[in-house]
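Please open the structure in your viewer and keep the sequence beside it, since this tour moves from one selection to the next and says what is to be found at each stop.

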Amino acid sequence: MTGRPDPAAELSAPPAGDVAAAAAECKARILEREGIAMFVALHDARPGRELRVRDPLAEAEGARLAELFDHYQRGLAAAPVDREVEPHGWLPPEAAALVDVLVVLADQHLRARPGPPP
Amino acid sequence: MSIVTRRSQHQAFAAGAFLRVVNWHNTLESERRTLRAELAWYAERHDPVLPGDLDRLFETGQWGKSRPGLIPAFYDGYRNHATVAAPVCDELGITAWFFPPTAFLEVPPEQQREYAEGHDIGLLAEEPGQAAFAMTWDDLERISRRHVVAAHTANHVSDREVTTAEDAEREVLEPVRRIEQATGTRPPAFAWCLGAPFDPSSPAGRAVVEAGIRYQVSNTAYQRIAD
């Protein structure tokens, strides 16, 4: 034990059961003044190139992240109405839905939750 | 093939091809302690990601880090990035990425509110009495000594607003040159307002490559676009 926080703890945490409520909580926050946490993909767009990750930590975390992504994607797809978490009306519907999944996913499994400032 | 799909995102995550980022915009003095607490929380659990770390990953497939990497990113060239965000990062030993729309830095202070309101640069209710809202070029040069400075167009425009050679010069090539002149380093990354991904078939996408940018930053991905 080092006493340091486990960097993977947030990904290991169980996913939110009520995804619609988690999305509503995100929407209520004032994103203009808060850090917006996101898990983003990495792609190699150079012609003829492809990113192949051979990093044990990233590979292990990636499998869990994909599971969580699917969980929130299913949950938001099943949410009744008013799914747009971020105000991104400029995006095509599928892209907007994807951004919403990523925002909720990161809000639950990446966003800082420090105690109140001293 | 579009990368902005659920299938593509799932595949990238499952393959370990992902990155943690936290995007800030306005960082008010009144929120300094909250920002510090959040950044400290991230720093206890993650290592900052520098352009060289991304280069290594794309060349070798390995991060070479024992902890997950994270990019703290500050968008839109606010003055409080120079007076709040960067100093807090410095205090915590964190390297962040800054994305200023360069034309905002050149607007006279008395005109910056109107400029911000006309260019989708959000100002908050607490700010009406400020003398200036944008950082200066000197601020940006100081920030660049310890942080990454990336490009974010000149006038905070989207890729759809770059359709001609003149647009590309004004919104892509010139801002990249100005940042390189001010900081001594070519910006490694470029982000459009509204976060569009790289489109090599568009005038906008071709301009980003022509500017010598290595990474396109979008809402859902960081893309390596050139060597």
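What follows is a walk through a predicted model, taken stop by stop.

**Stop 1: chain A as a whole**

Begin by selecting chain A, which has four helices and one strand, and follow it along the sequence, where the pattern reads α-α-β-α-α. Of the 118 residues in chain A, buried residues make up 39%. If you look at the contacts in chain A with a separation of 6 or more, you will find that residues 24 or more positions apart account for 74% of them.

**Stop 2: a residue inside chain A**

Next, select A:Val101, which lies in helix 4 of chain A. Is A:Val101 buried or exposed? With 29 other C-beta atoms within 10 Å, A:Val101 is buried, because the cut-off for that class is 20 or more. Leaving aside its neighbours within four places in sequence, A:Val101 is in contact with A:Phe69, A:Tyr72, A:Gln73 and A:Leu76, so these residues are a useful set to display together with it. You may also add A:Gly75, which is 26 residues apart from A:Val101 along the chain, while the C-alpha atoms of the two are separated by 9.0 Å.**Stop 3: where chain A touches chain B**

Now show both chains and select the residues that take part in the contact between them, which are 43 residues from chain A and 52 residues from chain B. On the side of chain A that touches chain B, the elements that give two or more residues are strand 1 (36–44), helix 3 (56–78) and helix 4 (93–109) of chain A. Which of these gives the most? Helix 3 of chain A does, with 11 residues. Coloured by class, the residues on this side of chain A divide into 27 nonpolar, four polar and 12 charged.

**Stop 4: strand 1 of chain A and its partners**

Keep strand 1 of chain A selected, and note that eight of its nine residues are buried, so this strand is largely enclosed by the rest of the structure. To see its pairing with the other chain, add strand 1 (residues 18–24) of chain B, which runs antiparallel to strand 1 of chain A and is joined to it by six bridges. Two places along this pairing can be picked out by name: A:Val40 has B:Leu19 as its bridge partner, and A:Ala37 stands opposite B:Val22.

Then add strand 8 (residues 221–224) of chain B, which pairs with strand 1 of chain A in the parallel sense over four bridges. Here the residue to select in chain A is A:Ala41, which stands opposite B:Ala221.

**Stop 5: strand 1 of chain B**

Move across to strand 1 of chain B, where seven of the seven residues are buried, so that the strand is largely enclosed by the rest of the structure. Both of its faces are covered, with B:Phe18, B:Arg20, B:Val22 and B:Trp24 buried on one side, and B:Leu19, B:Val21 and B:Asn23 buried on the other. Within chain B, this strand pairs in the parallel sense with strand 3 (residues 69–75) over five bridges, and the bridge partner of B:Asn23 in strand 3 is B:Ala73.

**Stop 6: two loop residues with positive phi**

From strand 3 of chain B, go on to B:Asp76, whose place is in the loop between strand 3 and helix 4 (79–92) of chain B. B:Asp76 has a positive phi of about 95° although it is not a glycine, and with 24 C-beta neighbours inside 10 Å it counts as buried.

Another residue to select is B:Leu194, which is also not a glycine and has a positive phi of about 80°. Its place is in the loop between strand 6 (189–191) and helix 8 of chain B. B:Leu194 is partly exposed, with 17 other C-beta atoms within 10 Å.

**Stop 7: a pair of helices in chain B**

Finish with helix 7 (residues 165–183) and helix 8 (residues 203–210) of chain B, which pack at an angle of about 40° with their axes 9 Å apart. That angle makes helix 7 of chain B oblique to helix 8 of chain B, and the crossing of the two is right-handed.

Which residues make the contact? From helix 7 of chain B, select B:Ala168, B:Val172 and B:Leu173, and from helix 8 of chain B, select B:Pro203, B:Ala207, B:Val208 and B:Glu210. By class, this contact between helix 7 and helix 8 of chain B has six nonpolar, no polar and one charged residues.

Technical notes:
Residues numbered from 1 in each chain as written. Chains lettered and ligands numbered in written order. Predicted model: local features only at pLDDT ≥ 70, side-chain atom pairs only at ≥ 80, totals over all residues. Contact = placed C-beta atoms within 7 Å. Nonpolar A, V, L, I, M, F, W, Y, C, P; charged D, E, K, R; others polar. Pairing = 2+ DSSP bridges. Buried ≥ 20, exposed ≤ 12 C-beta atoms within 10 Å, placed from the backbone. Axes fitted to C-alpha atoms, helices over the stretch in contact; angles between N-to-C directions. Parallel < 35°, antiparallel > 145°, perpendicular 65-115°, else oblique. Left-handed = near helix turned anticlockwise from the far one by under 90°.
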